[in-house]
Amino acid sequence: SYPEFEVLFTDLGSDDNTLKLAQGFQDSKLKVVDIPQPKPGWEPGAWAADQLTRQASGEIVVSLAADTILLPNAVATMVSQIVNQDLQLVSFLPADQNKTLAQKLVLNQNHFLLLGCYPAALIETKHPSINLAYSGLIGFRKAAITKIRGFERIRKSPIPEMELARQATNAGLATQFYLTSDLATSQNHASFEMIFRDNVVRYY
């Protein structure tokens, strides 16, 4: 529902034919981009986000974590919130799509476990700068993030979208967090092993 957009894609060495699938789309809005290897000290995801943002031609950039599906009104809503609320960054929390046995058994308990290990009231008292809610789906004004050297701040982070939102807030930019189960969905890892690995990153 938002016609003025481009999609920038790069491959980070995937082994599942992702690049071939992307190249198979016949759409002028899709640009398959080659980027240089990450500089020392940069995590691959943060490096890719930085390089693609530099090449984006629009004023607003939408960055989403892997396995996230945007529904038809997602981009329009994100742009509307940024413009109408005069924000520099918004974070949307997608709805989880839990289908496998591992997902149903483990992921539904994650939020309770996280809250139990990291009670929000205690964090707010001791470390207010980290008591922020963000997700892997963000939209931001390119100029504002560039001005605070946002990606340089998060270059070592394995969760760049979440960390960029936190750094933007701490830098004084106007940010907002929204629950948006009707605008995007997220497919989590399917196996117990991959869920465990993902949880290690979450706790980090």
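1. Strand S5 and its partners. Leu93 of S5 has Leu179 as its bridge partner in S8. The model is a predicted one, and the pairing described here is computed from it. S5 (residues 89–93) runs parallel to strand S8 (residues 175–179), with 5 bridges between them. S5 also pairs with strand S7 (residues 137–141), here in the antiparallel sense and over 4 bridges. In that second pairing, Leu89 is matched with Phe140 of S7.

2. Burial of S5. Of the 5 residues in this strand, 4 are buried, so S5 is largely enclosed by the rest of the structure.

3. Leu87. This residue sits in the loop between helix H3 (74–84) and S5. Is Leu87 buried or exposed? With a relative accessible area of 5%, Leu87 is buried, because the cut-off for that class is under 20%. Leaving aside residues up to four places away in sequence, Leu87 touches Gln81, Ile82, Arg141, Ala174, Thr175, Gln176 and Tyr178. Of these contacts, Arg141 can be described further: Leu87 and Arg141 are 54 residues apart in sequence, while their C-alpha atoms are 8.1 Å apart in space.

4. Helix H2. The end C-alpha atoms of H2 (residues 44–55) are 17 Å apart, which agrees with the 16 Å that its 12 residues should span at 1.5 Å a residue. The buried residues of H2 are Ala46, Trp47, Ala48, Ala49, Asp50, Gln51, Leu52 and Thr53. They pack against several elements, namely S1, strand S3 (60–64), S7, helix H6 (142–147), helix H7 (150–153) and H8. S7 thus appears both here, as a packing partner of H2, and in point 1, as a pairing partner of S5.

5. Salt bridges. How many salt bridges does a search of the whole structure find? The search finds 4; three of them are described in this point and the next. Glu6 forms one with Lys31, the closest N and O atoms being 3.0 Å apart. This pair links distant parts of the chain, since Glu6 lies in the segment before strand S1 (7–9) and Lys31 lies in strand S2 (residues 30–32), 25 residues apart. Both ends are partly exposed: Glu6 has a relative accessible area of 24%, and Lys31 has one of 39%.

6. Further salt bridges. Glu163 and Arg166 form another, with closest N and O atoms 2.7 Å apart. Both residues belong to helix H8 (residues 160–170) and are 3 residues apart, about one turn of the helix. An α-helix has 3.6 residues a turn, so residues three or four places apart point the same way. Glu163 is buried, at a relative accessible area of 17%. Arg155 and Glu152 also form a salt bridge, and here the closest N and O atoms are 3.4 Å apart. Arg155 counts as partly exposed at 28% relative accessibility, as does Glu152 at 30%.

7. Nonpolar patch. Which residues make the nonpolar surface patch of about 250 Å²? Tyr2, Phe5 and Val7 make it. Phe5 is found in the segment before S1, the segment that also holds Glu6 of the salt bridge with Lys31. At 42% relative accessibility, Phe5 counts as partly exposed.

Definitions and conventions
Residues numbered from 1 in each chain as written. Predicted model: local features only at pLDDT ≥ 70, side-chain atom pairs only at ≥ 80, totals over all residues. Heavy atoms only, no water. Salt bridge = Lys/Arg side-chain N within 4 Å of Asp/Glu carboxyl O. Helix = DSSP H or I, 4+ residues; strand = E, 2+ residues; numbered from the N terminus. Buried < 20%, exposed > 50% of the residue type's maximum accessible area, 1.4 Å probe, protein only. Pairing = 2+ DSSP bridges. Patch = residues over 30% accessible without salt bridge, like charges linked within 9 Å, V, L, I, M, F, W, Y side chains within 5 Å. Areas by Shrake-Rupley, 256 points an atom, 1.4 Å probe, with all protein chains shown as cover. Expected span 1.5 Å × (residues − 1). Contact = heavy atoms within 4.5 Å.
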